[in-house]
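User: I should like to go through the reasoning behind several labels applied to this protein. Please set each value against its criterion.

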Amino acid sequence: MKVYASVLKIRLLIGMQYRSAALAGVATQFFWGFIAIMVFEAFYEFADVTSPISLKELITYIWLQQAFLAFVMLWFRDNELFDLITSGNIAYELCRPTDLYGFWYAKLLAQRLSSALLRCYPILIVAFFLPKPYNMTLPPNAVTFILFIITLLLGLLLLVAISMFLYISVFVTLSPMGSLLIFGVLGEFFAGLIIPIPLMPLWLQKIAYVLPFRWTADFPFRVYSGHIAQSDAIIGVFIQLGYLLGLLWLGKLALTSALKRVVVQGG
């Protein structure tokens, strides 16, 4: 465990150095946040039926999505890992006296943490002081906030476990493009990053509730606003843990199987 903790710490410190890139990302995320809010504001203004999620809750949902985008986006990728697999330099990784799955998992986790830590504070602070109706609101109470933190962190661990399958698949396909398309588009759609799940048709909601993606983004964001009751949030925490343990086990099994068949070419 000390090895993986060291990898996490070193990669976190490296990632925290890219402050200029983070500031540029903050400006971009504010732009897309305002665009999304104005689109949904127009939708709510002319809607004929009562929405299953209020505009106030939806605006908070959008700002949380922008603040913690590094925690929830599936298209976030490490090109270095792709190059290691496709170039044959994976041989050097196999020489490390550590478990490859744990090493990569710690590295990917640190990248997302460092990116989110640099970006979330400016977005959250400004979002709270925006004029109504564009401002972000506080959670209903302290218990809800604690549940949000727990579900957000579990969602991050779950997302990294999901993203590990993207890198494992490249051992077979030798190209990340197909996997990025599947994970990036379908995964983020069913995570509620394009359309919040309560606004989806019922048949799509049923699919989203079965897949693990919604537990990474939609679930913690709706816990924060109080749209998901505390009792349901506690049940959801155990579901997140179940998905996390299952995906970690399957991911390690898949990587072990892929490494048994890997062929490293070159001189």
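User: What makes Arg222 and Asp218 separated by about one helical turn?

Analyst: In this predicted model, both residues belong to helix α11 (residues 218–225), where they stand 4 residues apart. An α-helix has 3.6 residues a turn, so residues three or four places apart point the same way. The spacing of Arg222 and Asp218 therefore corresponds to about one helical turn.

User: Why is the pairing of Arg222 and Asp218 called a salt bridge?

Analyst: The criterion is a side-chain nitrogen of Lys or Arg within 4 Å of a carboxyl oxygen of Asp or Glu. For Arg222 and Asp218 the N to O distance is 2.7 Å, so the pair satisfies the definition.

User: With which residue does Arg214 form a salt bridge?

Analyst: Arg214 pairs with Asp218, and their closest N and O atoms are 3.5 Å apart. That value also lies within 4 Å, so the term applies. The structure holds 2 salt bridges. Arg222 and Asp218 form one of them, and through shared partners Arg214, Asp218 and Arg222 are joined into one network.

User: How do you know whether Arg214, Asp218 and Arg222 are buried or exposed?

Analyst: Buried means under 20% relative accessible area. Arg214 has 5%, Asp218 has 0% and Arg222 has 7%. Each value falls under the cut-off, so these residues count as buried.

User: Why is α11 described as largely enclosed by the rest of the structure?

Analyst: Of the 8 residues of α11, 8 are buried, and the helix is therefore called largely enclosed. Among them are Phe219, Pro220, Phe221, Val223 and Tyr224. The elements covering the buried residues of α11 include α3 (55–67), α4 (69–72), α7, α8 (142–173), α10 (202–210) and α12 (230–261). After α11 comes Gly226, which has a positive phi near 85°.

User: What makes α5 roughly antiparallel to α7?

Analyst: The axes of helix α5 (residues 79–87) and helix α7 (residues 100–128) cross at roughly 150° and come within 11 Å. Angles over 145 degrees count as roughly antiparallel, so α5 receives that description relative to α7.

User: Which residues make this contact, and how do they divide into nonpolar, polar and charged?

Analyst: From α5 the contact involves Glu80, Leu81 and Ile85, and from α7 it involves Trp104, Lys107 and Leu108. The residues of the contact comprise 4 nonpolar and 2 charged, with no polar ones. Leu, Ile and Trp count as nonpolar, whereas Glu and Lys count as charged. Leu81, Ile85, Trp104 and Leu108 are therefore nonpolar, and Glu80 and Lys107 are charged.

Note on methods. Residues are numbered from 1 along each chain as its sequence is written. This is a predicted model: local features need pLDDT of at least 70, side-chain atom pairs count only at pLDDT 80 or more; totals for chains, interfaces and linings use all residues. Side-chain values use heavy atoms; hydrogens and water are left out. Buried means under 20% relative accessible area, exposed over 50%, partly exposed in between (1.4 Å probe, protein chains only). Helices (H or I, at least four residues) and strands (E, at least two) are DSSP runs, numbered from the N terminus. Axes are lines fitted to C-alpha atoms, for helices over the stretch in contact, and angles run from 0 to 180 degrees between N-to-C directions. Angles under 35 degrees count as roughly parallel, over 145 as roughly antiparallel, 65 to 115 as roughly perpendicular and the rest as oblique. Contact means heavy atoms within 4.5 Å.
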